[in-house]
Amino acid sequence: MSRALRAGVVAVLIVVTVTLQVSIFSHFSLSGVVPDLAMLVVIAAALVRGPDYAAGVGFAAGMVLDLAPPADHVAGRWALSLVVVGYLIGLARGDAESTALGTVFMVAAGAFIGTSVFALTGLVLSDPGVSVASALQVVPRAMLYDVMVTPLVIPLVVMLFRRLEPADRW
Amino acid sequence: MTPGPRRSRAGVGLLVLAALTVLTLDARRGEGSSPLDLVRSAVASVLGPAQDGATMALRPLTDIPQHFEDLGELRDRNEVLEAKNDQLIQQLRVSGLNQQRAEDLVGVRRLAGAKDFDLVRAEVVGLGAAQSFSQTVTIDAGTRDGVRPDLTVVNADGLVGRVVEATAETSTVLLIIDSGSTVGGRLGESMELGFVAGDGDVSDSARLELSLVDHTVSPREGDVVVTWGSRGGAPYVAGVPIGQVESVHSSPSELTQTADIRPYVDFSALDVVAVVTDSADMTTRDTAGGPR
């Protein structure tokens with residue numbers, strides 16, 4: 001598979017995930033909180049390919065989240081959050097990827113880091129919607145929901161990223 | 001070729017810088033235009049229809065939880081409606097001439113059918129997650145249907161929000177429960193003016209906060225709050241029901257009294273909405289009769 005084709009597959013994956021996250025999972029929201037599918041894709045990329053690659057996927061997924069409707073916040077906030085998530089989870093992967101519990105831990109950590117960084121940028125930019133109190137409510141719920149959908153999403157996406165891996169690596 | 005830690009760090013540093021650059025470029029958005037507006041509307045014109053398609057395609061699946069929720073709710077509502085119906089039938093029998101009143105009741109319930117408005121029907125196809133800390137939805141009507149920014153969005157129960165961005169086929173609506181949303185409200189009973197602000201909660205316990213301009217007036221529980229409206233009907237047309245006063249607070253340190261408003265609209269289950277595209281009649285009436 002050529003390099004461009006692989007990038008194309010990832011781009012399609014990102015667009016599909018963001019669309020699903022916005023339109024399908026909103027029907028299953030827990031008081032507004034929906035599973036961060038885009039973040040799960042970034043975490044899967046980090047588990048399979050490491051920090052460098054995952055940060056790139058995180059930037060792309062974040063930009064789509066920032067610009068796709070109904071986003072109304074300052075663009076770049078999710079991009080920054082997901083770059084950080086991809087990089088940190090990529091660094092932290094190790095033996096963790098092989099066990100289910102390790103993956104769940106990575107997802108919980110990723111959801112915590114991602115949602116927190118997003119909330120922090122909101123506080124810095126004095127976004128009226130973000131307060132410390134609302135962040136404290138949303139972050140644990142986001143972590144819980146992401147962990148709940150992990151068994152359904154992560155294995156599929158990890159499999160896809162394994163397939164996309166260039167043959168000359170390892 | 002395995003990227004070493006140095007290259008990795010440089011790459012990530014670049015990406016963080018790129019994100020910060022985008023942030024900085026877009027941060028002035030509140031004050032007017034941002035260089036990213038073009039990109040944003042380009043993305044919206046592609047992903048809006050995609051959300052629309054996804055919502056339609058997976059409707060049977062997403063309707064499942066709604067179905068169970070609805071069942072109980074419909075039973076309750078059925079009981080209430082039956083009781084109401086009996087009452088109305090009795091009233092009709094007793095006075096014989098209560099038709100006008102019944103019509104009024106129907107009129108309030110079916111605001112979406114009011115003749116004074118030109119409405120564009122739309123469905124909610126995307127919801128902003130609470131993780132983004134802003135309460136916005138995508139609807140499947142756009143400039144092609146006559147939707148433009150600053151128009152009022154309602155549903156059968158009352159005020160939903162206003163359009164903040166519109167592309168050809170979809171638009172983004174800021175819900176009145178968003179923390180950044182303020183609506184001019186009027187207490188139905190006393191005609192007192194005030195401001196209704198959201199608190200960012202979408203759940204059933206979501207409440208709006210009404211602060212009255214005149215602090216000598218105190219709202220009563222059960223009072224209806226409607227929109228106050230502005231000239232030209234933008235951003236909100238007048239006379240749309242917002243909610244009911246649930247409790248009243250007053251603190252000696254603040255000059256204005258505040259009240260918690262329970263919105264009529266259930267924001268966690270938004271589906272069919274309508275955009276008020278032309279409200280000439282309503283606004284003329286308002287500017288002529290109401291205190292502006």
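Guide: In this predicted model, a salt bridge is counted when a side-chain nitrogen of Lys or Arg lies within 4 Å of a carboxyl oxygen of Asp or Glu. By that rule, a search of the whole structure finds eight salt bridges over all chains.

Visitor: What makes B:Glu123 and B:Arg121 a salt bridge?

Guide: Their closest N and O atoms are 3.8 Å apart. The limit is 4 Å, so the pair qualifies.

Visitor: Why is B:Glu123 called buried or exposed, and why B:Arg121?

Guide: B:Glu123 has a relative accessible area of 13%, and a residue counts as buried under 20%; B:Glu123 is therefore buried. B:Arg121 has 56% relative accessibility. The term exposed applies over 50%, so B:Arg121 is exposed.

Visitor: How do you know that B:Arg162 and B:Asp150 form a salt bridge, and which parts of the chain do they link?

Guide: The closest N and O atoms of B:Arg162 and B:Asp150 are 3.6 Å apart, and the cut-off is 4 Å, so the rule is met. The pair links distant parts of the chain, twelve residues apart: B:Arg162 belongs to strand β4 of chain B, and B:Asp150 to the loop between β2 and β3 (152–155) of chain B.

Visitor: Why is B:Asp150 called partly exposed, and what is notable about its phi?

Guide: The relative accessible area of B:Asp150 is 34%. That value is neither under 20% nor over 50%, so B:Asp150 is partly exposed. The phi of B:Asp150 is near 75°, a positive value in a residue other than glycine. Most residues other than glycine have a negative phi.

Visitor: What makes B:Arg262 and B:Glu246 a tie between separate parts of the sequence?

Guide: Their closest N and O atoms are 3.8 Å apart, which meets the 4 Å limit and makes a salt bridge. B:Arg262 lies in strand β11 (residues 258–263) of chain B and B:Glu246 in strand β10 (residues 241–249) of chain B, so the salt bridge ties together parts that are 16 residues apart in sequence. B:Arg262 has a relative accessible area of 35% and B:Glu246 one of 32%. Both values fall between 20% and 50%, so both residues are partly exposed. Elsewhere, B:Asp26, B:Asp37 and B:Arg40 are joined into one network by salt bridges that share partners.

Visitor: How many salt bridges and how many polar contacts does the rule find across the interface of chain B and chain A?

Guide: The rule finds zero salt bridges across that interface. Five residue pairs are in polar contact across the interface, both residues at pLDDT 80 or more. On the side of chain B that touches chain A, α1(B) gives the most, with 13 residues. By class, that side of chain B has 29 nonpolar, 16 polar and six charged residues.

Visitor: What is the extent of the interface?

Guide: In contact are 51 residues of chain B and 50 residues of chain A. Between them the chains bury about 4200 Å², with 69% of it on carbon and sulfur atoms. In chain B, the residues that lose the most area to chain A are B:Leu23, B:Gln131 and B:Phe133, together 19% of what that side buries.

Visitor: Why is A:Ser23 called buried, and what does A:Ser23 touch?

Guide: A:Ser23 has a relative accessible area of 1%. The limit for buried is under 20%, so A:Ser23 is buried. A:Ser23 is found in helix α1 (residues 3–23) of chain A. Not counting residues up to four places away in sequence, A:Ser23 touches B:Gln51, B:Ala54, B:Thr55, B:Val125 and B:Gly126.

Visitor: What makes the approach of A:Ser23 to A:Thr19 a polar contact?

Guide: A polar atom of the A:Ser23 side chain lies 2.6 Å from the backbone oxygen of A:Thr19. The cut-off is 3.5 Å, so the distance satisfies the rule.

Visitor: What is the make-up of chain A, and which bond in it is cis?

Guide: Chain A has six helices and zero strands. Of its 170 residues, buried residues make up 61%. The peptide bond from A:Pro69 to A:Pro70 is cis, with omega near 5°, and A:Pro70 is placed in the loop between α3 (51–67) and α4 of chain A. Most peptide bonds are trans.

Visitor: What is the confidence in chain A, and where is it lowest and highest?

Guide: The average pLDDT of chain A is 86, and 94% of the residues score at least 70. Confidence is lowest in helix α6 (residues 132–164) of chain A, at a mean of 88, and highest in helix α4 (residues 77–92) of chain A, at 93. Where pLDDT is low, the predicted coordinates should not be read in detail.

Terms used: Residues numbered from 1 in each chain as written. Chains lettered and ligands numbered in written order. Heavy atoms only, no water. Contact = heavy atoms within 4.5 Å. Buried area = accessible area lost by both parts, 1.4 Å probe. Polar contact = N/O pair within 3.5 Å; in protein donor to acceptor, adjacent residues only side chain to side chain. Helix = DSSP H or I, 4+ residues; strand = E, 2+ residues; numbered from the N terminus. Nonpolar A, V, L, I, M, F, W, Y, C, P; charged D, E, K, R; others polar. pLDDT = per-residue confidence, 0-100. Buried < 20%, exposed > 50% of the residue type's maximum accessible area, 1.4 Å probe, protein only.
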